[in-house]
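Grab a coffee and open the viewer. Here are a few short exercises to work through, with solutions to check yourself against.

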Amino acid sequence: SLRRVKRAWVIPPISISENHKRIPHLLVQIKSDKQQPGGVIYSIKGPGVDEEPLGIFSIDKFSGKVFLNAMLDREETDRFRLKAFALDLGGTTLEDPTDLEIVVVDQNDNRPLFQQDTFTGHVVEGAEPGTCVMTVEATDADDPDTDNAAVRYSILEQGSAAMFSINATTGEICTARPGLDRETVGVYNLTVQAADMSGDGLTTTARAVIYLEDINDNPPEFTKEEFNMEVEEQAVGVDVGKIFVHDKDLAGSPNWLARFTILEGDPEGAFAIRTDPYTNDGVLSVAKPLDHEVRDRFELTVSVQNEQPLEPVAPASPRALATVRVRVRDVNEAPVFRENPRRVSVLEGTPPGTPITTFTASDPDTHQLQTLTYALLYDPADWLQLEPHSGTVRTKRELLHPSAFLQGGWYIALVLARDDAEPPLSATGTLSIEILEVNDYAPVLQPTAGVICGRPGRGGNLLLGATDDDRPPHGAPFHFQLSPQHPQLTRNWSITRYNVTHAVLAVLGELPQGPYSLPLLLRDSGTPPQERQQLLNISVCHCSRDGTCEDGVLAAATAGAGITLGALMIILGSTILLLVLVGLGAARARGRRRALRKGLLLQHSGDDMRDNILNYDEQGGGEEDQDAYDINQLRHPELFSPRAKPPVRRDTPLSSTTPLAPRKLRSSPSDIEDFINEGLEVADSDPSVPPYDTALIYDYEGSGSVASRLSSIVSSLTDEDQDYDYLSEWGPRFRRLADLYG
């Protein structure tokens, strides 16, 4: 069942103003009639007592009085909810806990605060009134349900023009009147105020900066109506001068950037104007070479506009056009070859001194009296000579074709033209000379002889060719035909074209074997054509079944480059066989000579050394030694027959002794090898002289030879074992040798 709570124990909400300074301050006294006074103990719990923030409230436990012990701030805590307890002296609960609510009453102790110190906005110049730019906003920490937080806005300062207004409740700033001009005032600085208590309380201020955005409401203008400049002739790409302009719009923007146009005075497009991106001025430059002799002055009409179109409200510019006068200064100009390169054609073989062309240049400086001279700058083959004043080019020597100095049939030379100004200027011209081929050679038949079977259709064909020293188109195709002067040849022979350089000779009827001479007429394709009549020597052979010649000797003897394949194989086989036989014979003869010499050297190796020493009256050998042997015996063997007196060696020691075995010569030797071998046998049997192929003794030629000693030849003994005293017994010619080794 519900218990009735006494009215004294129910505590209504208690209000206390924030920032109350008289503390401690009695807020309320709670009572319980369960006991006599003095028999009840009171206590409170909750925020501000035993919870954060601690120590703000307290209670007298015997009287039940609740006190405020600290100043309150509504912006921190706007109310406190506590619990009150009543106990007897023994700690027994007398009353159920009751609520104690303390409400903090707001005071206007907080002024409005702007969200930022400076607000920034943008609006285009010339904006209509009422165009909103930005919104400023301020907040107040006081109770929003009271006037303490009712904020109102106002503009305290913006200059004398008062171009902007502000909504007092929302803080929105808008344009108030027309006439915003960036070129006059580009930035507006406003001081904005926010006040609580509906504008009558605490206040605060902030700064509002409004930038005017540029529009193209000002056209560019030239700083003056006329500009004067000058430039040298023949200068291309150089700057002549600047054309100055002024524009009030924002620098660097498309509304400020100027664009220039040449309206009049330059129909050839000799000038160009570009815009300097930093100064916005026009830069006049030369686009094409100027010639003082052709035109020495220019008067240009130039206009200027912005890259961005003008706004309709922009006024017209009185200086949108300007006159630019340019004077062209005269300077020395290099000569000019009007036709460069100059191409001419010359026939090959043109004799020296023949004029080829006159290659001249012109001097652009018609207002100056100057003389041009010419010289050959490049003439690799030294074929040309040049007249220095007239520019006439002549041949210095015969122009040859072909030549290493020709490039595709063209000869390139360079001509230098120079004026006599100070300093002199020059120009180079290219002279291209085409060396035209002349048809000065007739075709030559290749081969001039051949072998052919005398039977039609079976080896009775011969491939003929021709060569021509001329270059195309004066060479091939060649035309082959039988001589028109001998029409009877067409009965047995025919010539048909094989390709542009060859033809096929064919037998029309069976012909007997033997040699034939066919007069042929050869003609080239030149202009005019050259022709030559030549004889073709043909050997008609007996044909085998396969269409080849059976007589290989005849084919080998008469065939040339145009012989058949079978004959060519026979010739090659015979040649190889002959080379093999000759090689075998030479090897056999060389082997016999080596064996014979070896036997002579080793024969009687243990005999006295004098048997192997040949005594010469003087040193021989070489081309001057004509006495060692009489070569006439080999050239004229018939003079040395067995009936004649045996030949006497002129290099033998003086002796009247006749050889025991005189040399026998064949009456008519046919083999030189047999003849020499017989001579060797005669020499071996001659007791008066040693053999020719034994060691020879020469006179003393000095000491200090770098060669090895020869004392051990045909002996196994050393120099110390040899006894050379016997050499003195051989005569005066060996005494010197005995002195050296004895």
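The exercises below go from model confidence to the cysteines and then to one threonine.

**Exercise 1. Find out how confident this predicted model is, and where the pLDDT drops under 50**.

Solution. Start with the overall figure: this is a predicted model, and the mean pLDDT of the protein is 80. Next, take the share of residues that reach 70 or more, which is 79%. Then look for weak stretches. One of them is residues 1–5, where pLDDT stays under 50 and the model has two contacts beyond four places in sequence. Another is residues 710–718, also below 50, with eight contacts beyond near neighbours in sequence.

**Exercise 2. Work out how many disulfides the structure holds and how the bonded cysteines pair up**.

Solution. Look for sulfur pairs within 2.5 Å. Cys132 and Cys174 pass, with S to S at 2.3 Å. Cys541 and Cys549 pass too, at 1.6 Å. That gives two disulfides. Number the bonded cysteines in sequence order and you get the pairing 1-2, 3-4.

**Exercise 3. Describe the disulfide of Cys132 and Cys174: which strands does it join, and what is its handedness?**

Solution. Begin with the secondary structure. Cys132 sits in strand β10 (residues 132–135) and Cys174 in strand β14 (residues 172–175), so the bond ties together parts that are 42 residues apart in sequence. Now check the torsion about the S-S bond: it is about 70°, so this disulfide is right-handed. Finish with burial. Cys132 comes out partly exposed at 38% relative accessibility, whereas Cys174 is buried at 13%.

**Exercise 4. Do the handedness and burial steps for Cys541 and Cys549**.

Solution. The S-S torsion here is about -65°, so the disulfide is left-handed. As for burial, Cys541 is buried, and so is Cys549.

**Exercise 5. Are Cys453 and Cys543 buried or exposed?**

Solution. Use the cut-off: buried means under 20% relative accessible area. Cys453 has 1%, so it counts as buried. Cys543 has 6%, so that residue is buried as well.

**Exercise 6. Place Thr204 in its strand and list what it touches**.

Solution. First the element: Thr204 belongs to strand β16 (residues 203–213). Then the accessibility: its relative accessible area is 17%, so Thr204 is buried. Last, leave out residues up to four places away in sequence and collect the contacts of Thr204: Pro112, Leu113 and Phe114, along with Val192, Gln193 and Ala194.

Note on methods: Residues are numbered from 1 along each chain as its sequence is written. This is a predicted model: local features need pLDDT of at least 70, side-chain atom pairs count only at pLDDT 80 or more; totals for chains, interfaces and linings use all residues. Side-chain values use heavy atoms; hydrogens and water are left out. pLDDT is the predictor's confidence in each residue, from 0 to 100. Contact means heavy atoms within 4.5 Å. Helices (H or I, at least four residues) and strands (E, at least two) are DSSP runs, numbered from the N terminus. Buried means under 20% relative accessible area, exposed over 50%, partly exposed in between (1.4 Å probe, protein chains only).
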